[in-house]
Amino acid sequence: MSNRTTELVRQALDKGLKLLFPPQCATCGRLGWSLCPRCVAEFYELGARVCPICGDLREDRTVCPRCEVQRPHYDQLRSAFRFQGTLRDATHALKYEGRSDLGLSLALAMARVLPPIQADLIVPIPLHQDRLVQRGYNQAECLSQALADLWVLPHADTDALIRVRHTETQVNLTFQERQQNVADAFSASEDWVANRSVILVDDVSTTGATLNEAAAALRAAGAIQIFGITLARAV
Ligand SMILES: [Zn+2]
Ligand SMILES: [Zn+2]
């Protein structure tokens, strides 16, 4: 078959599959959307009342005590939404229910509320190889790839930032335990990041410990500016 014929057959199969198995909203189950507008409208924006560095909620918008004591390795971290309600369900579907198709819908929602950032490169927080094999995809990369398309930014290959050791799940750990848990967990490639400004993308941040440690690796490899962004923040 010619390339053109193959493409037409592929498109026809694609249409047929969509008729047979239309996308279903990951949170309410409505047919026709990966994530329907009603569920997206319920996402709760984190807003601008945050620490200007780590992006934690901060009514007076001044630098928070934690950042005063110890500046993070990144320049700025911002999250789009609170980790609750339909957004929490959607994130769960993206991470644990194989719904990698949610990357674009969620990235569109992020791009709507986060200010556009100028940078040379966009990099996702990597998964450890074992978990990547288990899950089949990196949920942070689903978001970063879609954001790179939306913002017309170069996206890094998987060797730009790697996880050099497996870390325990962060749930139920204190801030200090989280810091220790992710210490030296990442390594970055100078070829990719030296003298570049980098946007680092993750799905959810709680204390920012993972992003901070990944930023340390990027900094060690010569990154000049590091902006962290996450879909959600657990507050
Ligand atoms: Zn819905
Ligand atoms: Zn702070």
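The following paragraphs lead the reader through a predicted model, beginning with its metal sites and moving on to side-chain contacts and the surface.

The zinc ion designated ligand 1 is held by the SG atoms of Cys25, Cys28, Cys36 and Cys39, which lie 2.3 Å from the metal. Along the chain these donors follow the spacing C-x2-C-x7-C-x2-C. Two of the donors, Cys25 and Cys39, link distant parts of the chain: Cys25 belongs to the loop between helix H1 (3-20) and helix H2 (37-41), whereas Cys39 belongs to helix H2, 14 residues apart. Both Cys25 and Cys39 are buried. The geometry of the site is tetrahedral because the 4 donor atoms around this zinc ion (ligand 1) subtend angles of 105 to 116°, and the criterion for four tetrahedral donors is that all angles lie between 85 and 135 degrees. For reference, the ideal angle for four tetrahedral donors is 109.5 degrees.

The loop between H1 and H2 also contains Thr27. With a relative accessible area of 22%, Thr27 is partly exposed. Its C-alpha atom is separated by 6.2 Å from that of Thr86, although the two residues are 59 residues apart along the chain.

A further zinc ion, ligand 2, has as its protein donors the SG atoms of Cys51, Cys54, Cys64 and Cys67, at 2.3 to 2.4 Å. Here the spacing of the donors is C-x2-C-x9-C-x2-C. Cys54 and Cys64 are 10 residues apart, and each is placed in the loop between H2 and helix H3 (65-69). Both of these residues, Cys54 and Cys64, are buried. Around the zinc ion (ligand 2), the 4 donor atoms subtend angles of 106 to 115°, and the arrangement is therefore tetrahedral.

The loop between H2 and H3 takes part in other contacts as well. Phe43, in this loop, pairs with Phe81 in strand E1 (residues 76-82), and the two residues are 38 residues apart. Their ring centres are 5.2 Å apart and their planes stand at 70°, so the pair is edge-to-face. Both Phe43 and Phe81 are buried. The count of aromatic pairs in the model comes to 1.

Charged side chains provide another set of contacts, and the whole structure contains 6 salt bridges. One of them joins Asp56 and Arg233, with an N to O distance of 3.1 Å. This pair links distant parts of the chain, with Asp56 in the loop between H2 and H3 and Arg233 in strand E6 (residues 225-233), 177 residues apart. Asp56 is partly exposed, having a relative accessible area of 21%, whereas Arg233 counts as buried at 1% relative accessibility.

Another salt bridge connects Lys95 and Asp203, whose closest N and O atoms are 3.4 Å apart. Lys95 lies in helix H4 (residues 85-96) and Asp203 in strand E5 (residues 197-205), 108 residues apart. Lys95 has a relative accessible area of 19% and is buried, since buried means under 20%. Asp203 is also buried, with a value of 2%. The salt bridges also include that between Asp60 and Arg58, at 3.9 Å from N to O; Arg58 is partly exposed at 24% relative accessibility.

Finally, the surface carries a nonpolar patch of about 250 Å², made by Leu104, Leu108 and Leu150. Leu104 is located in helix H5 (residues 102-113). At 49% relative accessibility, Leu104 counts as partly exposed.

Methods: Residues numbered from 1 in each chain as written. Chains lettered and ligands numbered in written order. Predicted model: local features only at pLDDT ≥ 70, side-chain atom pairs only at ≥ 80, totals over all residues. Heavy atoms only, no water. Donors = N, O, S within 2.8 Å, 3.2 Å for Na, K, Ca; no water. Tetrahedral: all angles 85-135°; square planar, octahedral: opposite > 155°, others 65-115°. Helix = DSSP H or I, 4+ residues; strand = E, 2+ residues; numbered from the N terminus. Buried < 20%, exposed > 50% of the residue type's maximum accessible area, 1.4 Å probe, protein only. Phe/Tyr/Trp six-rings, centres within 6.5 Å; stacked < 30°, edge-to-face > 60°. Patch = residues over 30% accessible without salt bridge, like charges linked within 9 Å, V, L, I, M, F, W, Y side chains within 5 Å. Areas by Shrake-Rupley, 256 points an atom, 1.4 Å probe, with all protein chains shown as cover. Salt bridge = Lys/Arg side-chain N within 4 Å of Asp/Glu carboxyl O.
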